Amino acid sequence: MLPKTPAKGMRDFLPKEFALRQQILATIQTTYESYGFTRIETPAVENIELLTSKQGGDNEKLIFKILKRGEKLNSADSSELCDLGLRYDLTVPLARFYSNNIGQLPAVFKSIQMDNVWRADRPQRGRFRQFVQCDIDVIGEESNLAEIELILATMQALQNLGFNDVTVRISDRRLLNAIVERCGIAEEHKQSVFIALDKLDKIGVTGVLEEIEAIAPGKAVEFINLISRITSSDNPLATCAQELGEFLPKSVKQNLDEILYVTNNTVKNGRVVFDVTLVRGMGYYTGTIYEVSVDGLSSSIAGGGRYDKMIGRITGNDVPACGFSIGFERIALLLSERGVESKVSRGTAVLLDKYLDAQSLVRVMDACRQERQKTNVTVLKKIKNFSYQLKQLREQGYAEIYEYRNGTFNKIN
């Protein structure tokens with residue numbers, strides 16, 4: 001017997017589930033378009049050199065690689081078996097897309113991407129091997145106008161989906177670099193220290209202290225004490241700048257202050273706060289970073305940051321770039337658990353007697369063809385258990401149901 005279940009980490013979606021997913025995507029896209037973003041599409045498959053270019057962090061370990069085909073596979077040695085792979089995110093492909101099409105794009109390009117990505121991860125609740133990402137990015141804008149618009153658009157999309165308890169945590173990779181330098185931690189240990197700090201909510205202060213001590217002996221206590229003084233302050237960002245002094249460029253604090261001021265005086269469904277412990281896992285971030293959480297859920301539902309160096313690794317010339325990604329699968333799961341259902345009507349159903357002659361069927365089909373100019377119409381034969389059929393059609397979202405009998409359409413209430 002052939003398997004009837006999807007591959008591990010993949011899913012089938014029933015019509016009702018798919019309708020809700022499409023409704024969520026439509027809400028997100030409409031919101032983003034209202035901010036001037038335009039949708040693009042890139043291939044599911046990218047060259048392996050791009051996917052393994054050390055821009056995707058740990059996700060590069062999770063690539064679904066594609067074997068070479070035909071004679072190429074037969075002639076390849078063991079180290080050259082793969083030349084393509086499934087994309088693991090949408091940001092790296094966007095950098096390639098922009099580099100390839102820069103002459104046809106505006107000076108400031110605001111893009112939407114809402115597509116599947118694949119990671120050879122261990123499946124668990126809310127985590128799959130194939131899943132949808134919803135990204136918006138601003139390329140070519142070096143000022144914090146990019147971050148401000150990304151935050152506002154994302155929070156508005158979440159508000160339109162019914163989330164009114166949103167918190168955006170914001171920081172800056174340059175600030176984290178300054179903390180490491182201030183504590184005298186060597187450059188080669190920086191990323192490992194960031195990874196340890198990122199586990200603060202999982203392993204606590206003691207756990208982070210132990211991990212950093214193992215990475216940079218003698219530096220952990222100073223690092224943790226500095227973080228503690230900042231987080232316990234009434235004004236963490238001001239305290240952070242004061243503690244770091246000349247290690248932190250003045251423009252970093254000014255940039256964060258402006259983003260916090262503008263967004264908090266604009267958003268209606270939450271708040272934007274500075275969080276010195278925010279890390280973000282992707283190694284390509286060069287400046288501002290941010291994550292979104294909602295009350296009642298421990299993990300974030302959106303995140304992003306500035307990545308001014310990524311495009312330059314393809315073109316040779318750096319281009320300012322900044323993005324925000326909504327965790328679509330977590331959003332869909334949350335809304336489903338809240339009992340949210342698709343509100344889209346399926347249209348009209350026409351039920352036929354199974355003994356209908358050919359001439360009558362022509363009249364029905366012609367009438368339905370005309371009706372389809374106004375709405376969706378499905379034509380079905382009546383089944384023996386007619387009441388059960390009506391129940392199913394109503395559950396599927398058909399607003400109007402007609403029975404064709406004796407040459408007339410009779411509406412069923």
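**Overall make-up, strand pairing and salt bridges of a predicted chain**

The chain has 15 helices and 15 strands, where helices (H or I, at least four residues) and strands (E, at least two) are DSSP runs, numbered from the N terminus. The structure is a predicted model, in which local features need pLDDT of at least 70 and side-chain atom pairs count only at pLDDT 80 or more, while totals for chains, interfaces and linings use all residues. Residues are numbered from 1 along each chain as its sequence is written, and side-chain values use heavy atoms, with hydrogens and water left out.

Taken along the principal axes, the C-alpha atoms fill a box of roughly 90 × 60 × 45 Å. The chain contains 413 residues, of which 44% count as buried; buried means under 20% relative accessible area, exposed over 50%, and partly exposed in between (1.4 Å probe, protein chains only). The exposed area of the chain is about 21,900 Å², and carbon and sulfur atoms supply 49% of it. Accessible areas come from the Shrake-Rupley method with a 1.4 Å probe, and for residues only the protein chains shown count as cover. Among contacts (heavy atoms within 4.5 Å) with a separation of 6 or more, 68% are between residues 24 or more positions apart.

Two pairs of residues illustrate distances within the chain. Glutamine 373 is in the loop between helix H14 (358-371) and S13, and this residue is exposed, with a relative accessible area of 66%. The C-alpha atom of glutamine 373 is separated by 62 Å from that of cysteine 240, 133 residues apart along the chain. Serine 360, by contrast, lies in helix H14 and is buried, with a relative accessible area of 8%. Its C-alpha atom and that of tyrosine 404 are separated by 9.5 Å, with their positions 44 residues apart along the chain.

Strand S11 (residues 321-326) has 6 of its 6 residues buried, so this strand is largely enclosed by the rest of the structure. On one side of S11 the buried residues are Ala321, Gly323 and Ser325, and on the other they are Cys322, Phe324 and Ile326, so that both faces are covered. Strands count as paired if DSSP finds at least two bridges between them. S11 pairs with strand S6 (residues 130-139) in the antiparallel sense over 6 bridges, and isoleucine 139 stands opposite alanine 321 in S11. S11 also pairs in the antiparallel sense with strand S10 (residues 302-306), over 5 bridges. In that pairing, glycine 305 stands opposite glycine 323.

The chain has 53 positive and 52 negative side chains, and the centres of the two sets lie 8 Å apart. Lys and Arg count as positive and Asp and Glu as negative, whereas His and the chain ends are not counted. The place of a charge is taken as NZ of Lys, CZ of Arg, CG of Asp or CD of Glu. A salt bridge is a side-chain nitrogen of Lys or Arg within 4 Å of a carboxyl oxygen of Asp or Glu, and by this rule the count comes to 23.

One of these salt bridges joins the side chains of glutamate 149 and lysine 110 (2.7 Å, N to O). The pair links distant parts of the chain, 39 residues apart: glutamate 149 is in helix H5 (residues 145-160) and lysine 110 in strand S5 (residues 109-118). Glutamate 149 is partly exposed at 22% relative accessible area, whereas lysine 110 counts as buried at 15%.

Another salt bridge, between lysine 382 and glutamate 403, has an N to O distance of 2.5 Å. Lysine 382 lies in the loop between strand S13 (377-381) and helix H15 (386-395) and glutamate 403 in strand S14 (residues 398-405), so the pair ties together parts that are 21 residues apart in sequence. Lysine 382 is partly exposed, at 25%, and glutamate 403 is buried, at 9%. Aspartate 172 and arginine 174 also form a salt bridge (2.8 Å, N to O); aspartate 172 is buried at 0% relative accessibility, while arginine 174 is partly exposed at 33%. In addition, Arg169, Asp275, Arg280 and Glu291 are linked in a network of salt bridges.

Arginine 119, in the loop between S5 and S6, is buried yet has no salt bridge. The nearest side chain of opposite charge to arginine 119 is aspartate 89, 5.3 Å away. Not counting residues up to four places away in sequence, arginine 119 touches nine listed neighbours, including Asn59, Tyr88, Asp89 and Phe131.
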